[in-house]
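Please open the model in a viewer and keep the sequence panel visible. The tour proceeds by selections, each followed by a description of what is found there.

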Amino acid sequence: MTTDSQVRVRFAPSPTGYLHIGGARTALFNWLFAKHHNGTFILRIDDTDEQRSTEASMKEIYGSLKWLGLNWDEGAIVGGENGPYVQSERGKIYQKYTQQMVENGSAYHCYCTPAELAEIRETAQAENRSPHYSRRCLNLTSTDRQRLTDEGRRPVVRFKVPDKTVVVNDRILGQITTEAETLQDEVIVKSNGSPLYNLTSVIDDHEMTITHVIRGVDHLSNTPKQILIAEALGLQVPQFAHLPMVLGSSKGEKLSKRHGATSIEQYRQDGYLPQAMVNFLVRLGWSLDDETEIFSVDELIEHFSLERVGKSGSVFDLKKLQWLNSHYISKLEISTRTDAVIPFLQREGLLDSVDPDAKRSWLEQVVATVGDRLTTLADIKVEAAYFFTDNFEYDPKGVKKWLTKGNPIGTLQSLYDGLVNIVNFDLKTVEDKIWAVIEELGIKRVAGMQPLRIALSGMTGGPSLFEMITLIGQEKVLERLQRLIEYLREREDL
RNA sequence: GCCCCGUUCGUCUAGCCUGGUCCAGGACACCAGCCUUUCACGCUGGCGACACGGGUUCAAAUCCCGUACGGGGUACCA
């Protein structure tokens, strides 16, 4: 870790929706960059679009960032010296800069109506010219302006694009050159007085002394505009780094709900661990070397660098996230894993939400027995439901395979008879007894074990049978054997 | 349309800047086998890529040009 405490980066979402995969990765890269350089990570809320911004989105974004462990040093909620950190509360600041731009001639009022603008665009296109604003209002006299105001028109403020070549030295993409003639005099303040993104972003990045702007490539084309605005205001320009897109399919489609869940909150609810999510997200565009896949947060902080971020978009691959998640779940200490799984059991109504501690040690044994069979925490439901409830179905395939040939009822009855008389219902005794019964029956081990497994869990797969038996307990084991025997008898009758 | 960006196994990527060590390495997925009371884990092996075409060079995944394809932008959205 270097000690360049000058590094100041920001994540500036617009609260128009939940925190999605792409946004989370942008936040993560900013956070890692800040931590690596011992710098400051700032959370700013870019809510200048008052139409689409919602309080609920803001809250969810905070929650998702915290869940991922991406705590911010400065910004919304936590405050700091450069606040407020919510753009809708910074109107006065933007007004000051806008006035400065109008006064120094780098911006001007435009009274054209949307209809007029559309017309200008159309004629331009018809004449095969670029559909840029015609600068019709650039040299309005004060009498012109008075007349238009009297007509009831409210002006927007447009940035007067200077005639020059803009060069961005992007930390990821390299040098990108843009000719100003390809840009138009865009609106920086709406007619209702509210400022627009490209203005506020430049101002706030300056006011908050942001040193590096790390954001998605979808902002690349905004960069030259923002540099020009910064220059018009005489502000220092931060360094830029544009992250490639996160895609939803190999066809290059943008990640959308069609490709699975896109919100971080959804993955949290689906039982993914934040450390798995972080590890997964960081590998979407970044790598350390040709072999390392698993990274702890500390390792990421130590090794992260913009130099090793790739240029091309990456496809979100759920299978890889699942692999990472099961890896991190199995790495959890049993006690921690138990804590993690409890809410999911409660959500399914399998565990009393009043006092899960009463069963703590048994619960931990169940979790230990289930072992590494969890891909997500939510899988605890399918993998362990039978420990908590008698109300489970028999897997039809299992029934067909193991309970239709030979003499399943006889086998189950023999196992019942063997288990019913055990006094010390412990692992060793149970195991010895079951082997003895199977040997006496003269059948293969599986032929005895699988029917028993189905009786106890309804499934053909799962943890060690003997551990299951002792955890379920003698009474219930016998009940369940009885239940399967009855079930099979009824089927025979049909 | 115009401007900008990108392109290595199905997917994430290493290699590209500083051309030869790459008939391209790892991981996920998939397939097979082993292990095993089942499932899973684990282990072993297999499948599988330099978008295309020119050029430069003794030599190109690596440098240059073009084409194709994909993406972003072209808003009183961010």
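In this tour, a residue is called buried if its relative accessible area is under 20%, exposed if that area is over 50%, and partly exposed in between, as computed with a 1.4 Å probe on protein chains only. Helices (H or I, at least four residues) and strands (E, at least two) are DSSP runs, numbered from the N terminus. The model is predicted: local features need pLDDT of at least 70, side-chain atom pairs count only at pLDDT 80 or more, and totals for chains, interfaces and linings use all residues. Residues are numbered from 1 along each chain as its sequence is written, chains are lettered from A and ligands numbered from 1 in the order in which they are written, and side-chain values use heavy atoms, with hydrogens and water left out.

**Helix α19**

Select residues 465–472, which form helix α19. Six of its eight residues are buried, so the helix is largely enclosed by the rest of the structure. The buried residues are L465, F466, M468, I469, L471 and I472. Extend the selection to G473, which follows α19 and has a positive phi, near 95°.

**Strands β1, β2 and β3**

Next, select strand β2, residues 40–43. Which residues of β2 are buried on each side? T40 and I42 are buried on one side, and F41 and L43 on the other, so that both faces are covered. In a regular strand the side chains alternate between the two faces of the sheet.

Add strand β1, residues 8–11. Two strands are said to pair if DSSP finds at least two bridges between them. β1 and β2 pair in the parallel sense over four bridges, and the bridge partner of V9 in β2 is F41. Now trace the chain from β1 through helix α1 (residues 21–36) to β2: this β-α-β crossover is right-handed. The term means that, with the strands pointing away from the viewer, the path from the first strand over the helix to the second runs clockwise.

Continue to strand β3, residues 74–75, which pairs with β2 in the parallel sense over two bridges. Here I42 stands opposite E74. The connection from β2 to β3 passes through helix α2 (residues 55–68), and this crossover is also right-handed.

**The loop after β3**

Select the loop between β3 and α3 (91–103), where P84 is found. A cis peptide bond joins G83 and P84, with omega about -5°. I77 is found in this loop too; its phi is positive, about 70°, although it is not a glycine. I77 is exposed, with a relative accessible area of 60%.

**The sheet β4-β5-β8**

Select the strands β4, β5 and β8, which form an open sheet in that order with antiparallel pairing. The edge strands are β4 (107–110) and β8 (187–189), each of which pairs on one side only. Neighbouring strands are turned by 45° against each other on average, direction ignored; the axes are lines fitted to C-alpha atoms, for helices over the stretch in contact, and angles run from 0 to 180 degrees between N-to-C directions. Strand β5 (residues 156–159) pairs with β8 over two bridges, and R158 stands opposite V187.

**RNA strand B**

Display RNA strand B and the residues near it, that is, those with a heavy atom within 4 Å of the strand. There are 62 surrounding residues, and the closest are T48, D49, G285, R373 and T460. Of the RNA atoms within 4 Å of the protein, 75% belong to sugar or phosphate and the rest to bases.

Which helix supplies the largest share of this surface? It is α18, with five residues. α18 (445–457), α11 (318–331) and α19 are among the elements that each supply at least two residues.

Three side chains may be inspected individually for polar contacts (pairs of N or O atoms within 3.5 Å; within protein, one must be able to donate a hydrogen and the other to accept it, and residues adjacent in sequence count only if both atoms are side-chain atoms).

- E293: a polar side-chain atom lies 3.0 Å from a base nitrogen of RNA strand B.
- R308: an N or O atom of the side chain is 3.1 Å from a phosphate oxygen.
- Q450: an N or O atom of the side chain is 3.2 Å from a sugar or linking oxygen.
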